[in-house]
Amino acid sequence: MATTGNHFTLTLFLLGLLIVTSLDFTAGQVGVCFGRLGNNLPSVQRTLALYKKNNIRRMRLYDPHPPTLRALANTGIRLMLGVRDDQLRDLANCPDAATNWVRTNILQYPNVTFRYITVGNEIDPDSALAPFVLPAIQNIYRAIRTAGRTSQIKVSTSIRTDLLERSYPPQSGVFKCSVNWYIRPIIEFLRDTQTTLLVNVYPYFAYLNDPKTINLSYALLQPNSGVIAGGVYYDNLYYAILDAVDAAMERILTAVPTLFSVLSEEEKRGGSGNPGGTGSETGWPTKGGGKRKNAEDVEYTTAAGDGPIHTVENARIYNNNLMRIVKSGTPRRPGRPLETYVFAMYDENLKPGPAYERHFGIFLPNGQPKYQLRFR
């Protein structure tokens with residue numbers, strides 16, 4: 001058995017190796033989330049036509065939707081497919097349920113290019129569902145392994161960045177002590193299976209909650225708006241958030257050796273080091289309304305004199321800059337293009353929450369673009 005010191009050295013030596021499973025080293029990859037919480041949205045067929053017309057080569061779908069899965073066949077669009085939250089208990093408690101889920105939603109569509117299965121989206125560690133996330137991930141993974149598809153399909157979960165206790169400077173990122181019971185075994189399992197943690201990265205929310213400290217241009221990913229954080233230059237807030245999560249993951253994995261794994265010794269030899277994070281959602285709303293944490297109105301920011309936050313122009317600037325920054329790596333992952341998914345394809349008029357939640361779409365319900373956005 002390796003000593004703790006040897007484990008630490010080995011982990012540091014291999015940090016970052018597993019991130020290659022989610023990167024295209026020739027260019028950054030930006031997909032679009034296809035949310036369907038609306039009663040005025042275009043048909044699936046028209047939606048897929050928009051993906052093809054606009055060179056959108058990746059899609060995030062939040063739950064198995066047979067019409068969409070059928071339409072994706074032979075398109076070459078790479079899919080991140082979600083598991084519904086109300087299925088987590090069954091999938092965690094019953095391996096046969098996971099096998100059936102994979103058979104029904106993956107194997108039944110042999111001509112769909114599946115990339116990820118997302119088991120839980122932004123599950124609150126304090127919620128009743130939290131204890132079921134890891135065993136559900138494990139059972140889905142086993143079903144994918146039995147089907148011989150682990151080299152093509154990665155099984156993970158997506159988190160909010162408010163699980164971090166500290167995110168500044170990014171290299172000091174650390175998870176809240178209260179969520180370690182939840183996040184640590186997930187990260188260890190992802191390391192062992194060579195899969196990245198999926199992270200919903202929203203500079204918009206970071207700015208919304210701290211406009212006195214964060215410059216709007218930095219949040220909008222504008223060139224020449226970077227900051228020095230902990231002695232490291234950060235070109236934009238997206239990089240800083242992703243690196244803070246990466247640092248928090250590293251702290252967990254270098255703390256103590258892994259004591260338990262559901263994998264075989266052969267499988268465990270294939271995965272060591274920090275699995276890193278992949279952006280599973282990001283975006284900027286074109287219309288606002290709602291409250292900040294301090295209960296101030298969020299339609300305008302008077303502290304920094306930045307004017308309206310939720311505008312078509314800000315959304316255009318943010319998402320076009322996103323296309324640029326994914327081509328380069330973050331300071332912790334230099335030279336490694338990023339993968340992320342813009343939220344969302346359309347405004348969703350039935351989405352609950354503050355008004356801005358219903359105005360993240362890059363297309364109007366009639367299929368017309370809200371602003372010019374070129375997917376490269």
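In strand 14, Glu339 and Tyr341 point one way while Thr340 and Val342 point the other way, and all of these residues are buried. This pattern fits a simple rule: in a regular strand the side chains alternate between the two faces of the sheet. Please keep in mind, as you turn the structure around, that this is a predicted model.

**The sheet around strand 14**

Which strand pairs with strand 14? Strand 1 does, in the parallel sense, over 4 bridges. Within this pairing, Val30 stands opposite Thr340 in strand 14.

Strand 14 belongs to an open sheet of 8 strands, and the order is 11-8-5-4-3-2-1-14 with parallel pairing. The edges of this sheet are strand 11 (277-281) and strand 14 (339-342), each of which pairs on one side only. From one strand to the next, the twist averages 30 degrees.

Further along the order you will find strand 5 (residues 154-160) and strand 8 (residues 197-200), which pair in the parallel sense over 3 bridges. Here Ile159 has Val199 in strand 8 as its bridge partner.

**Helices lying across strands**

Two helices make a good next stop. Helix 2 (residues 44-53) lies across strand 1 (29-34) and strand 2 (58-61), and its direction is at about 165 degrees to strand 1. Helix 6 (residues 130-146) lies across strand 4 (113-121) and strand 5, and its direction is at about 155 degrees to strand 5.

**Helix 12 and its neighbours**

Helix 12 (residues 312-325) offers a neat check of length: at 1.5 Å a residue, its 14 residues should span 20 Å, and because its end C-alpha atoms are 20 Å apart, the two values agree. Which residues of helix 12 are buried? They are Asn314, Ala315, Ile317, Tyr318, Asn319, Asn321, Leu322, Met323 and Ile325. These buried residues pack against strand 1, strand 13 (307-308) and strand 14, and also against helix 8 (203-209), helix 9 (216-219) and helix 10. To follow the positions in a helix, it helps to know that an α-helix has 3.6 residues a turn, so residues three or four places apart point the same way.

**Two helices that cross**

Two packed helices are described by the angle between their axes and the distance between the axes. For helix 7 (residues 180-192) and helix 10 (residues 237-255), the axes come within 10 Å and cross at roughly 85 degrees. Helix 7 and helix 10 are therefore roughly perpendicular to each other. Where they meet, helix 7 brings Asn180, Ile183, Arg184, Ile187, Glu188 and Arg191, and helix 10 brings Met249, Ile252 and Leu253. The residues of this contact between helix 7 and helix 10 divide into 5 nonpolar, 1 polar and 3 charged.

**Backbone details to look for**

Some points along the backbone deserve a closer look, and the table lists them.

| Residue or bond | Angle | Place |
|---|---|---|
| Tyr168 to Pro169, cis peptide bond | omega near -10 degrees | Pro169: loop between strand 6 (164-166) and strand 7 (174-175) |
| Phe343 to Ala344, cis peptide bond | omega near 5 degrees | Ala344: segment after strand 14 |
| Asn74, positive phi | phi near 65 degrees | loop between helix 3 (66-72) and strand 3 (78-83) |
| Glu122, positive phi | phi near 55 degrees | loop between strand 4 and helix 6 |

Is Asn74 buried or exposed? Its relative accessibility is 65%, so Asn74 counts as exposed. The C-alpha atoms of Asn74 and Pro110 are separated by 9.2 Å, and these residues are 36 residues apart along the chain. Glu122 has a relative accessibility of 27%, and therefore counts as partly exposed.

**The chain as a whole**

Stepping back, how many helices and strands does the protein chain have? There are 12 helices and 14 strands. The protein chain has 376 residues, and 53% of them count as buried. Among the contacts in the protein chain with a separation of 6 or more, 74% come from residues 24 or more positions apart.

Conventions
Residues numbered from 1 in each chain as written. Predicted model: local features only at pLDDT ≥ 70, side-chain atom pairs only at ≥ 80, totals over all residues. Heavy atoms only, no water. Axes fitted to C-alpha atoms, helices over the stretch in contact; angles between N-to-C directions. Parallel < 35°, antiparallel > 145°, perpendicular 65-115°, else oblique. Contact = heavy atoms within 4.5 Å. Nonpolar A, V, L, I, M, F, W, Y, C, P; charged D, E, K, R; others polar. Pairing = 2+ DSSP bridges. Expected span 1.5 Å × (residues − 1). Buried < 20%, exposed > 50% of the residue type's maximum accessible area, 1.4 Å probe, protein only.
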